Amino acid sequence: MILVDDFLADGNAMLGLVDMCNQAKAHIVGCGIIIEKGFQKGHQKLVDLGYKVESLAIIESFENGKIVFK
């Protein structure tokens, strides 16, 4: 199973999905993210649990009211 979420910041929503899938004995092969805040810890939390994480867009920072993508 691949889990997909629209936005990853601290990772709590995706970690909730991971927990529900684990309780259902589903096999998770990875996580897909549409937009990730790369400066927050969500990505690393999922990697530390052993999941592959792929993001379509990664926000590196916010500078002078503008979004800087990685």
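# Exercises on a predicted model

Lys45 has a relative accessible area of 28%, so it counts as partly exposed. The cut-offs are these: buried is under 20% relative accessible area, exposed is over 50%, and partly exposed lies in between (1.4 Å probe, protein chains only). The model is predicted: local features need pLDDT of at least 70, side-chain atom pairs count only at pLDDT 80 or more, and totals for chains, interfaces and linings use all residues. Residues are numbered from 1 along each chain as its sequence is written, and side-chain values use heavy atoms, with hydrogens and water left out.

## Exercise 1: Salt bridges

Find how many salt bridges the structure holds, and which residues form them.

Step 1. Set the test. A salt bridge needs a side-chain nitrogen of Lys or Arg within 4 Å of a carboxyl oxygen of Asp or Glu.

Step 2. Count. There are two salt bridges.

Step 3. Take Lys45. Its partner is Asp10, and the closest N and O atoms are 3.2 Å apart. This pair links distant parts of the chain, 35 residues apart. Asp10 is in the loop between β1 and α1 (12-23), while Lys45 is in helix α2 (residues 42-48). Helices (H or I, at least four residues) and strands (E, at least two) are DSSP runs, numbered from the N terminus. Asp10 is partly exposed, at 33% relative accessible area.

Step 4. Take the second pair. Lys52 and Glu54 bring their closest N and O atoms to 3.5 Å. Lys52 is exposed at 53%, whereas Glu54 is partly exposed at 47%.

## Exercise 2: The sheet

In what order do the four strands of the open sheet stand? Which strands are at the edges?

Step 1. Read the order. It is β1-β2-β3-β4, with mixed pairing. Two strands pair if DSSP finds at least two bridges between them.

Step 2. Find the edges. They are β1 and β4 (66-69). Each has a single partner strand, so one side of each is left without a neighbour in the sheet.

Step 3. Check the turn between neighbours. On average it is 25°, direction ignored. Axes here are lines fitted to C-alpha atoms, for helices over the stretch in contact, and angles run from 0 to 180 degrees between N-to-C directions.

Step 4. Examine β2 (residues 30-37) and β3 (residues 53-63). They pair in the parallel sense over six bridges. Lys37 has Ile59 of β3 as its bridge partner.

Step 5. Move on to β3 and β4. They run antiparallel, joined by four bridges. Glu63 stands opposite Lys66 in β4.

Step 6. Return to β2 for one residue, Gly32. Gly32 is buried, at 16% relative accessibility. Compare it with Asp19: the two are 13 residues apart in sequence and 16 Å apart in space, C-alpha to C-alpha.

## Exercise 3: Positive phi

Where do Lys25 and Asn64 lie, and what is the phi of each?

Step 1. Recall the background. Most residues other than glycine have a negative phi, and most peptide bonds are trans.

Step 2. Locate Lys25. It lies in the loop between α1 and β2. Its phi is positive, near 65°. Lys25 is exposed at 73% relative accessibility.

Step 3. Locate Asn64. It is in the loop between β3 and β4. These strands form a hairpin with two residues between them, and Asn64 in the turn has a positive phi of about 50°. Asn64 is exposed, with 81% relative accessibility.

## Exercise 4: Cysteines

How many disulfides does a search of the whole structure find?

Step 1. Set the test. A disulfide is a pair of cysteine sulfur atoms within 2.5 Å.

Step 2. Count. The search finds zero.

Step 3. Check Cys21. It is in no disulfide, and the nearest cysteine sulfur, that of Cys31, is 9.1 Å away. Cys31 is in no disulfide either.

Step 4. Add the accessibility. Cys21 is buried at 12%. Cys31 is buried at 3%.

## Exercise 5: A surface patch

Which residues form the nonpolar patch on the surface?

Step 1. Set the rule. Patches are made of residues with over 30% relative accessible area and no salt bridge; like charges are joined within 9 Å, nonpolar side chains (Val, Leu, Ile, Met, Phe, Trp, Tyr) within 5 Å.

Step 2. List the members. They are Ile2, Val4, Val29, Ile34 and Leu56.

Step 3. Give the area. Together they have about 510 Å² accessible, by the Shrake-Rupley method with a 1.4 Å probe, where for residues only the protein chains shown count as cover.

Step 4. Look at Ile2. It is in strand β1 (residues 2-8). Ile2 is exposed, at 57% relative accessibility.
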